[in-house]
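Dear colleague,

Please find below the structure that I am handing over to you. A description of what was found in it follows.

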Amino acid sequence: MPTVMPYLTVADGEAALAFYSEAFGARPGLRLDDPSGKVAHAEFRIGAALVMLSEPWPDMGIRDPRAIGGSPVTIAVTVDDVDATVARAEAAGARVLRPPSDEFYGHRAARIEDPFGHVWYVSSVREVLDDAEILRRWQAMVATT
């Protein structure tokens, strides 16, 4: 298991697993359903990353983002083609918060909100830059704003 991984809470585990598969090519792993069919725990992989999820358990303080007015956490995912990934995610029900654009730090990036209230930063590396070059570009950019 990775040292750090996201654990998402979603209102509909079945729909979320289908969305993540469609939007990001997620591959399913372990899944545990309670007797009522609720997803108690599920794991999936996006590339090498392991992500876990469950449906809400309010009695244990586990609530989904929509139940608490959203989440301040953004999940970053690197993909081969940002534009294609965002188009797939939007077709599968995501809301585009910021369309794909080329960024000063060498990535093409976008932000989307999935149908369950989680925000994703989706990016592809266009240029591999060292910290000094990123800082130089940042300073040039903010000097003109």
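Please keep in mind that this is a predicted model. I begin with one pair of residues: R31 stands opposite A42, and A42 belongs to strand 3. This pair is part of a longer arrangement, in which strand 2 (residues 27–33) and strand 3 run antiparallel and are paired over five bridges. The two strands form a hairpin with five residues between them, and there G37 takes a positive phi near 100°.

Strand 3 also has a partner in strand 4 (residues 49–54); these two strands run antiparallel and are joined by five bridges. Here F44 is the residue that stands opposite V51 of strand 4. Two residues lie between strand 3 and strand 4 in their hairpin, and G47 in the turn has a positive phi of about 60°.

Is strand 3 largely enclosed by the rest of the structure, or largely open? Strand 3 covers residues 39–46, and six of its eight residues are buried, so this strand is largely enclosed by the rest of the structure. For this purpose, a residue is buried when its relative accessible area is under 20%.

A further hairpin is found later in the chain. Strand 6 (residues 95–102) pairs with strand 7 (residues 107–113) in the antiparallel sense, over five bridges. Within this pairing, R98 stands opposite R111 of strand 7. Four residues separate the two strands of the hairpin, and G106 in the turn has a positive phi of about 95°.

I turn next to the pockets. The largest pocket has a volume of about 160 Å³. Which strand gives the most to its lining? That is strand 1 (residues 7–9), which contributes three residues. The residues that line this pocket include Y7, L8 and T9, as well as P6, R63, D64, P65 and S71. Also among them are V73, I75, H118 and V119.

Finally, there is a feature of the surface to report. L135, W138, M141 and V142 make a nonpolar surface patch of about 340 Å². One of these residues, L135, is placed in helix 3 (residues 131–143). Why does L135 count as partly exposed? Its relative accessibility is 44%, and the partly exposed class lies between the buried limit of under 20% and the exposed limit of over 50%. L135 is therefore counted as partly exposed.

With kind regards,

Your colleague

Terms used
Residues numbered from 1 in each chain as written. Predicted model: local features only at pLDDT ≥ 70, side-chain atom pairs only at ≥ 80, totals over all residues. Heavy atoms only, no water. Patch = residues over 30% accessible without salt bridge, like charges linked within 9 Å, V, L, I, M, F, W, Y side chains within 5 Å. Areas by Shrake-Rupley, 256 points an atom, 1.4 Å probe, with all protein chains shown as cover. Salt bridge = Lys/Arg side-chain N within 4 Å of Asp/Glu carboxyl O. Buried < 20%, exposed > 50% of the residue type's maximum accessible area, 1.4 Å probe, protein only. Pairing = 2+ DSSP bridges. 1 Å grid on protein atoms, 1.4 Å probe; cavity = no way out; pocket = protein on both sides within 12 Å on 5 of 7 lines; lining within 4 Å. Points joined across faces, edges and corners; volume = space filled by probe spheres on them.
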